[in-house]
Amino acid sequence: MLVFTLVASMSLFGVRVFAEEVSKAQIKGLDEQVQEIKKDVLGISSELSLLEEKLLYPSNTQISVFVSFADEGGFRLDAMDIKLDGEEVTHHVYTANELEALRNGGVQRIYTGNIRTGDHQIEVSFLGKSIIGGVYQKTASSKISKGVKPKLVEIKVAGQGFGDAIEFKER
Amino acid sequence: MQRLALLLISTVSLAALSFHTAAAEKSTDVFFGEAIFYANQAEYFDAISRLDTELGQYYGLDDPGLDSLHLLIDNAQFSVGDFELYYRMHQRAGRAIKSVIEGNVEPAVRNKAIYRLAKILLQKNQPVNALHAIEKIEGELPDEVRDDIAYIKAVIFMVNGRPTDAIEILTGLQSSDTHGGFAAYNLGIALLQLNKDAEGIAQLDKAGTSSGSDEGTKSIRDKSNLALGYKLLESGDPALAKKYLYRVRLDGAFANRALLGAGWAEIALDRYDRALVPWTMLSKRNVTDRAVQEVMLGVPFAYGKLGLHGKSAILYGKALESYDTELAKLDASIESIRDGKFLEALAREELKQDSNWVIKLRDLPEAPETHYLMHLMASHDFQESLQNYFDLEEMRKRLLAWERDIGAYQEMVNIRREYYKPLLPVVEKQFQFLDSRMRLRIEQRDNLENKLQSMLIAPRPQFLATVTERIDGVSIAKLEKRVQHLPKTNEQRQRVDRLRGVLDWNIYTQYHDRLTQAFKRLRELDGVVADLKEIYRSFVRTRQAATQSYEGYDAALNTLHIKVLEAQERIKSAMLGQGHMLESMAVNELDIRRKRIEGDQVKARFALAESYDRAQKKQLDDEYKKAAEESAEQARKAAEQAEKALLEDAKDKAANQETTRKEPK
């Protein structure tokens, strides 16, 4: 009995065989089928997003606003407001995942909309907490010029002591 | 070997996460950065979709060199391959990365691509191909993946049965921040593979006492100690084995196996009472664990060895009761899986928000089937199949939303068509009228410029006469006609000639100033013409945008709608297949557990009977002994009584003889 049980205990080193009826070939076959479906659905996604962009945000009126961190984000960003010509167009409250994604170099597309060609005023406000725990909030505005091409505005935010808290970049 | 590979691959995946960060740090293209934003949140579908779109647009440009993605194109290609890898699209990821390797790229870039390809091949359980790939790495290694490359190389060598090569690399990785712990453990395993038992044991001992308080280090310590303990137990050194088994944390993932092993080490040393310490502790843990079920036979076995057959029989009886309960649970679980409850439980959204959702499944009262499936659910094949099922479910939801969106877009296009179509002909007519006027004015302006340019070569002062001067000129000409018959000395004629002289004087002497002024005004006119042209272009664009807002979408939307419907059908069928496969895996796993418990049940029944017999035999032996002792006591007492009676009889006889001597006749 001792010997039998001891051998059973040694199964830690053995290879688990869990499914005689489900073969490796079946798993592989189905996996390849799923991969093919993913490829097709991704293709649909790309086609649809291009079509949506053309339909909803034509180049001559399109404006997109992106947010990124200028540094490692030595503060906690809680929320951000974007105003265009004095009107609020978006307000975003950040999740922990989104913050981590920004800290690791991600760029968030916070707003896409339509504006007329010509000059406009963009105002950005954010609310957060500094490293030492105090409230850290900033507001900045900038003039942007909308032409025929889609307008891309990148907003770089930085923690205290890392240069400008809000920096605008037009593309 | 397979177990080892699983451990290592999981580590490689963790290491790969830093690639997103590395790529992102250099990203100056917002669309690439956006893809990374999604990838960093493990939303790989969105990340691939965005980066694919961006890459498609980049390659469609006439001059891609001017695009902001140009400087990052290699990185973007890698990243899309990486994201596909994380999204379990191994086939496409492999092809994307291979195309980079075969391209004309720098050694550092090429080596990074080879590393990623080798990783894919290893994950796909193609160790030989992974070896062929990794051996192509030569020259400069990128700093950020230097340790990753070394580590995966060692893993590939081990999986391909080349522990000697692996040992060399793993020894060099001992001080690595990211891979030091795993390298220490695997170095021990590699040494054992080479039958260098003493060195392997020493290395695992080192890995089992490594410093660090994070969960990863603790797990490596536990795993090293457990592996070492069982290795020593297997090679017949239970005294040393228990030293390592007792090092394993009591609340870690390896605790139950360690407690079980520690008990067997004590048994092997004939220390049955000591074996009861870890085993009793283990027997109070979750009964669905295989180690706990095994120890339910171990504890009464130890009591039996201590001669406590009654206690042993009682515990075997309890084990039998527990096995019955568990078998009933397993039957209910199998039934529940067949009713589709398992997939329902797995697909619960609220559980997926928690990183320990597999463990939390145990707490769901309506999902008993998951109690026994923890090990299955941790296996690579099951996880891959389960993730595929989740991915299919996610795509199904996306397609449903897209189907609705496409319907809305079709309606939007129709509304725009109904609005613009009647308006455009009227606007077009007005536009044509304004267009012809504008063309005329522009032509006039061009003629004016030509005239001015020609005056720079051949001065024509009359061209720059003012309106008044022209009227005056006409009036003077009329007067000249009237006085031409008069003699030149005539006062009238002289007056007219003076008027002509004054007029010409002014025109000729002011010519240069007037020409300069004319050019200045022409430039001012150019500004107005430019504004006019911009308004014209803007109008053309708006008219074009109005037309384009409804034209050319019907076919594209219809095609997309058909594609969405087809994909939905394929997903439906694949989900059925994948769901059925998961259920089969689960049922098979439960069936295996069922059979093991039935085996344990048989053993427990025999052991119970044996213990009962021994307990009964002991009881009979005790009764026989007691009866024999009582008989002996009775015999002893009888003998004493007989002896006493004899003595008394002898005394009586002696007394009688004395009486007879004193009374002579």
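Me: Two residues are in contact if their C-beta atoms, placed from the backbone, lie within 7 Å. With that in hand, what covers the buried residues of H8(B)?

Reply: This is a predicted model, by the way. The cover over the buried residues of H8(B) includes helix H7 (107-123) and helix H9 (146-159) of chain B.

Me: Which residues of helix H8 (residues 127-134) of chain B are buried?

Reply: They are Pro127(B), Ala130(B), Ala133(B) and Ile134(B). Being buried takes 20 or more other C-beta atoms within 10 Å.

Me: How do you know where they sit around the axis of H8(B)?

Reply: Look at the arc: they cover only 115° around the axis, which puts them on the same side of H8(B).

Me: Over to chain A. Why is Ser59(A) called partly exposed?

Reply: Count its neighbours. Ser59(A) has 14 other C-beta atoms within 10 Å. Buried needs 20 or more and exposed means 12 or fewer, so a count in between is called partly exposed. That is where Ser59(A) lands, because its count is 14.

Me: Where does Ser59(A) lie, and what does Ser59(A) touch?

Reply: Its place is the loop between H2 and S1 of chain A. Leaving out residues up to four places away in sequence, Ser59(A) touches Val148(A), Lys149(A) and Pro150(A). There's also Asn114(A), 55 residues apart from Ser59(A) along the chain, with 9.0 Å between the two C-alpha atoms.

Me: What makes S1(A) mostly covered?

Reply: Of its 8 residues, 7 are buried. Each of those 7 meets the cut-off of 20 or more other C-beta atoms within 10 Å, because that is what buried means here. For chain A as a whole, 28% of the 171 residues count as buried.

Me: How do you know that S1(A) and S4(A) pair?

Reply: Pairing needs at least two bridges. S1(A) and S4(A) have 6 and run antiparallel, so they count as paired. One of the matches is Val65(A), whose bridge partner in S4(A) is Tyr111(A).

Me: And in which sense do S1(A) and S7(A) pair?

Reply: In the parallel sense, over 7 bridges. Here Ser64(A) stands opposite Leu152(A) in S7(A).

Me: What makes the pairing in the sheet S4-S1-S7-S8 (chain A) what it is?

Reply: Its pairing is called mixed, and it is an open sheet of 4 strands. You've just met both senses: S1(A) runs antiparallel to S4(A) but parallel to S7(A). At the edges are S4 and strand S8 (166-170) of chain A, each pairing on one side only. Neighbouring strands are turned by 20° against each other on average, direction ignored.

Me: What about the sheet S3-S2-S5-S6 (chain A): what pairing does it have?

Reply: Antiparallel, in an open sheet of 4 strands.

Me: Why is one side of strand S3 (87-93) and strand S6 (135-146) of chain A left without a neighbour in the sheet?

Reply: Because both stand at the edges, and each has a single partner strand. From one strand to the next, the twist averages 20°.

Me: How many bridges link strand S5 (residues 118-130) of chain A and S6(A)?

Reply: The count is 12, in the antiparallel sense. Since at least two are enough, they count as a pair. Glu123(A), for example, has Ser141(A) in S6(A) as its bridge partner.

Me: What do S2(A) and S3(A) form?

Reply: A hairpin, with 2 residues between them. Asp85(A) in the turn has a positive phi of about 50°. Strand S2 (residues 75-84) of chain A and S3(A) pair antiparallel over 6 bridges, and Ala79(A) is matched with Val93(A) in S3(A).

Me: Last topic: how many residues does the contact take from chain A and chain B?

Reply: Chain A gives 58 residues and chain B gives 65. On the side of chain A that touches chain B, the largest share, 23 residues, comes from H2(A). That side divides into 29 nonpolar, 15 polar and 14 charged residues.

Note on methods:
Residues numbered from 1 in each chain as written. Chains lettered and ligands numbered in written order. Predicted model: local features only at pLDDT ≥ 70, side-chain atom pairs only at ≥ 80, totals over all residues. Arc of directions from axis to C-beta. Axes fitted to C-alpha atoms, helices over the stretch in contact; angles between N-to-C directions. Nonpolar A, V, L, I, M, F, W, Y, C, P; charged D, E, K, R; others polar.
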